[in-house]
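Dear colleague,

I am handing over the structure below, and after it I set out what was found in it. Please read the notes with the coordinates open beside them.

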Amino acid sequence: MEAIGHALALAGSMTWEILWALILGFLLSAVVQAVVRKSTIVRLMGDDRPRTLAVASLLGAASSSCSYAAVALARSLFRKGANFVAAMAFEIGSTNLVVELGIIMALLLGWQFTVAEFAGGPLMIVLVALLFRLFVRQRLLGQAREQAERGLAGSMEGHAAMDMSVQGEGSFWRRLFSKDGLTSVSHVFVMEWAAILRDLVIGLLIAGAIGAWVPESFWRAFFFTDHPVVSALWGPIVGPVVAILSFVCSIGNVPLAAVLWNGGISFGGVVAFIFADLLILPILNIYRKYYGVRMTLVLLGVFYAAMVGAGYLVELIFGVAGLIPGERSATVMAEGISWNYTTWLNIAFLLVAAVLMVRFVRTGGVGMLKMMNGAADSHHH
């Protein structure tokens with residue numbers, strides 16, 4: 001029982017450490033989603049030129065950070081006419097370049113990891129685009145489109161299909177601060193929380209359990225920590241494999257990344273591990289339904305190679321620049337809660353979240369919540 005208590009205490013302290021950052025991140029994400037229309041997104045993603053891929057990844061960064069919702073939304077954009085590679089760039093941006101991920105990585109791991117994530121994400125997108133150009137034929141893309149058009153259900157379909165942006169004209173600020181703007185922000189905010197909550201809780205519990213129960217000596221041996229060159233080569237290869245087997249996606253894998261970093265995985269290995277939330281087993285099964293078995297295997301191979309490549313490039317660039325932290329002191333082992341800035345920020349942001357929750361309930365949000373995992377019919381706000 002004591003071991004379970006220790007694991008839960010670690011999970012609880014990590015939750016408390018990142019709570020205000022999660023609320024802030026989802027609030028910023030909700031603000032952007034409330035004013036950017038999905039029809040605009042499709043229009044900007046018609047080909048795979050470098051500029052289009054850059055725009056697609058930025059639009060992804062401004063959308064849902066739930067991996068399941070990102071995957072569902074990428075397919076819905078593809079079905080509406082977006083280029084496949086642009087849809088994949090959108091998907092990568094949506095899960096790996098979002099504000100909330102950056103804030104939580106800075107809190108748990110350190111600012112260097114946030115910078116590495118935002119540098120590695122574009123590198124991964126470039127590698128994915130290059131690999132698609134080299135190895136993926138139009139015939140396979142045609143088959144993937146045919147499969148996508150069948151509309152088989154995956155996960156978070158309803159959430160991906162909803163366009164909760166503010167309708168009507170006016171400037172960004174005017175739409176945001178209108179009555180509809182506040183309603184829209186509250187709806188997106190609560191739906192985002194509902195979408196990632198399961199993975200976040202599982203991720204924190206797994207991280208707490210591993211942090212409490214797996215001895216550091218195991219990780220040091222597994223990641224070849226005493227052999228720096230072997231460790232740097234091994235980290236990006238094994239990082240995504242650990243992620244695929246851990247089943248945790250979205251922001252839920254950051255606490256586990258903190259445990260792995262303290263355990264001895266290389267800097268590039270952490271980056272590759274974080275990227276691999278798009279390859280966890282449940283999501284591979286969704287790709288199979290969306291695009292067929294052959295395209296799923298292509299996505300597995302291309303994404304994995306791009307993650308490993310991005311991990312190596314980040315390790316190299318940050319190593320040369322002297323930006324890899326010397327200490328392995330990610331926030332995992334701080335049990336208990338004390339009166340510090342984290343507590344005050346948590347209280348302030350919990351009040352903001354409460355205001356948005358009340359607005360959500362009063363404006364018919366509960367009905368939308370029930371449709372979230374439903375079929376992707378045309379849900380409009």
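Helix 13, which covers residues 228–246, packs against helix 17, residues 293–320, at an angle of about 145 degrees, and the axes of the two lie 9 Å apart; please keep in mind that this is a predicted model. The crossing that helix 13 makes as it passes helix 17 is right-handed. On the side of helix 13 the contact is made by Ala232, Leu233, Pro236, Ile237, Pro240 and Val241, which meet Tyr304, Met307, Val308, Gly311, Tyr312 and Glu315 in helix 17. Sorted by character, the residues of this contact comprise 10 nonpolar, one polar and one charged.

The second item is a pocket, the second largest, which holds about 250 Å³ of space. Its lining is made up of 14 residues, and Pro50, Leu53, Ile125, Val126 and Ala129 are those that lie nearest the centre of the pocket. Helix 3 (50–61) and helix 7 (111–135) each supply at least two residues of that lining, with helix 7 giving the most, namely six residues. The lining of the second largest pocket divides into 10 nonpolar residues, one polar and three charged.

Finally, a note on a single residue of helix 7, Arg133. Is Arg133 buried or exposed? Its relative accessible area is 56%, and because exposed means over 50%, Arg133 counts as exposed. Between the C-alpha atoms of Arg133 and Val85 the distance in space is 9.3 Å, although the two residues are 48 apart in sequence.

With kind regards

Key
Residues are numbered from 1 along each chain as its sequence is written. This is a predicted model: local features need pLDDT of at least 70, side-chain atom pairs count only at pLDDT 80 or more; totals for chains, interfaces and linings use all residues. Side-chain values use heavy atoms; hydrogens and water are left out. Axes are lines fitted to C-alpha atoms, for helices over the stretch in contact, and angles run from 0 to 180 degrees between N-to-C directions. Helices (H or I, at least four residues) and strands (E, at least two) are DSSP runs, numbered from the N terminus. A crossing is left-handed if the near helix is turned anticlockwise from the far one by less than a right angle, and right-handed if clockwise. Contact means heavy atoms within 4.5 Å. Ala, Val, Leu, Ile, Met, Phe, Trp, Tyr, Cys and Pro count as nonpolar, Asp, Glu, Lys and Arg as charged, and the others, Gly among them, as polar. On a 1 Å grid over the protein atoms alone, a cavity is a set of points where a 1.4 Å probe fits but cannot get out, and a pocket is an open set with protein on both sides within 12 Å along at least five of seven lines; lining residues have an atom within 4 Å of a point. Grid points are joined across faces, edges and corners, and a volume is the space filled by probe spheres set on the points. Buried means under 20% relative accessible area, exposed over 50%, partly exposed in between (1.4 Å probe, protein chains only).
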